[in-house]
Amino acid sequence: NFSLEGRTYVIMGVANKRSIAWGIARSLHEAGARLIFTYATERFEKPVKDLVSTLDGQDALFYECDVTSDEGVQATFDQIKQDVGTIHGLAHCIAFAQKEDLQGEFKDTSRDGYLLAHNISAFSLVAVSRAAQPLMTEGGGIVTLTYLGGERVVQNYNVMGVAKASLDASMRYLANDLGKHAIRVNAISAGPIRTLSAKGIGDFNSVLKQIEEKAPLRRTVSQEEVGDTAYYLLSDLSRGVTGEIIHVDSGYNILG
Ligand code: 0WD
């Protein structure tokens, strides 16, 4: 029985209905999980609450959590601990880079742009994992979202690719640290999906077209497909899996 009935998961990074985090939320909801949503600023409170109200019978909780603040992250998880006690997992679906750093040449990345991308897109996984661990008293799973641009050069992905490489390595070190607490940490490398964040990436349409023409499945992937893999990684179906990157990308990564 791999139902998530009686389990609680924190979902970080729903911006709108196209967000990959929203695909994950729907998969976990379908499996019976109780959900906790965090958003970067107050601006997202109403849109996220409106979206979640479409999930039948979901008794969700909502918190603001700007991952650039250690105090903010700690305060959020302290509050979650007070309100629900134990959580069983977390989906980290957060990234950011300045638009000017997602086009042209990587060598022109500014120091500030480099640090910002790494702060929000990679260190945030460390910060939230550390804050979540004391709440995961029954063990559980942490999942983050990465991209092929962290493994090899993808045109225009630039500083975000370097941040994803850091995220991937952080995921593995966290998996090593948290394994003794029965907490598994894994990443999903999603193929390109049209979302708010993807809008910032230069010539994103040609990236999508490449997948449709060349990927083994000859189509792009959906938020739901990523969501179902997150369900697998956050449930006991994957109980022997940690420190892993699963590509949900129509097989594109196997091409030379
Ligand atoms: O093709 C794609 N869309 C892919 C995305 C392919 C492979 C991986 N990913 C990754 C992204 O890099 C990211 O890690 O998936 C994750 C989710 O991205 P998404 O679903 O594509 O993007 P989006 O719906 O824009 O959600 C990203 C959210 C932000 O939305 P805004 O509107 O701010 O861009 O990340 C959150 C925010 O909700 N976020 C923050 N959350 C807390 N604190 C912060 C912050 N400081 N900054 C951004």
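The legends below describe close-up views of a predicted model.

**Figure 1. Overall fold of the protein.**
The predicted protein holds seven helices and seven strands. Read from the N terminus, the order is β-α-β-α-β-α-β-α-β-α-β-α-α-β. The C-alpha trace spans about 45 × 40 × 40 Å along its principal axes. The radius of gyration is 17 Å; a compact globule of 256 residues would have a value near 18 Å, so the two agree. Of the 256 residues, 45% are buried. Contacts also reach far along the chain: among those between residues at least 6 apart in sequence, 76% join residues at least 24 apart.

**Figure 2. Close-up of Tyr147, a position annotated in UniProt.**
An unreviewed UniProt entry places the feature "active site" at Tyr147 and Tyr157. Tyr147 sits in the loop between β5 (140-146) and α5 (158-178). Tyr147 has 24 other C-beta atoms within 10 Å, so this residue is buried. The cut-off for a buried residue is 20 or more. Setting aside residues up to four places away in sequence, Tyr147 touches Lys164, Ser189 and Ala190. Lys164 falls within the range of α5, residues 158-178. Ser189 and Ala190 fall within the range of β6, residues 183-190.

**Figure 3. Close-up of Tyr157, the other tyrosine under the "active site" feature.**
Tyr157 also belongs to the loop between β5 and α5. Tyr157 is buried, because 25 other C-beta atoms lie within 10 Å. Beyond its neighbours within four places in sequence, Tyr157 is in contact with Gly149 and Ile201.

**Figure 4. Surroundings of Ala97, a "binding site" position in UniProt.**
The "binding site" annotation of Ala97 comes from an unreviewed entry. Ala97 lies in the loop between β4 (89-92) and α4 (111-132). With 25 other C-beta atoms within 10 Å, Ala97 counts as buried. Neighbours within four places in sequence are left out of the contact list that follows. Ala97 is in contact with Leu102, Gly113, Leu116, Ala117, Val159, Met160 and Ala163. Among them, Gly113, Leu116 and Ala117 fall within the range of α4, residues 111-132. Val159, Met160 and Ala163 fall within the range of α5, residues 158-178.

**Figure 5. Packing of helix α1 against helix α7.**
Helix α1 covers residues 20-30, and helix α7 covers residues 223-234. Their axes are 7 Å apart and meet at an angle of about 55°. The two helices are therefore oblique to each other. The crossing of α1 past α7 is right-handed. From α1, the residues in contact are Ile20, Trp22, Gly23, Ile24, Arg26, Ser27 and Leu28. Facing them from α7 are Gln223, Glu224, Val226, Gly227, Asp228, Ala230, Tyr231 and Leu234.

**Figure 6. Close-up of Leu196, an exposed loop residue.**
Leu196 is located in the loop between β6 (183-190) and α6 (204-214). Leu196 has 10 C-beta neighbours inside 10 Å, so it counts as exposed. The cut-off for an exposed residue is 12 or fewer. Leu196 is in contact with Ala15, Asn16 and Arg18, leaving aside neighbours within four places in sequence. Leu145 offers a reference point in β5, residues 140-146. Leu196 and Leu145 are 51 residues apart along the chain, and their C-alpha atoms are separated by 15 Å.

Notes:
Residues are numbered from 1 along each chain as its sequence is written. This is a predicted model: local features need pLDDT of at least 70, side-chain atom pairs count only at pLDDT 80 or more; totals for chains, interfaces and linings use all residues. Helices (H or I, at least four residues) and strands (E, at least two) are DSSP runs, numbered from the N terminus. The radius of gyration is taken over C-alpha atoms; the globule rule is 2.2 Å times the number of residues to the power 0.38. Two residues are in contact if their C-beta atoms, placed from the backbone, lie within 7 Å. UniProt positions are given in the numbering used here, feature names are shortened, and annotations may be inferred rather than shown by experiment. Axes are lines fitted to C-alpha atoms, for helices over the stretch in contact, and angles run from 0 to 180 degrees between N-to-C directions. Angles under 35 degrees count as roughly parallel, over 145 as roughly antiparallel, 65 to 115 as roughly perpendicular and the rest as oblique. A crossing is left-handed if the near helix is turned anticlockwise from the far one by less than a right angle, and right-handed if clockwise.
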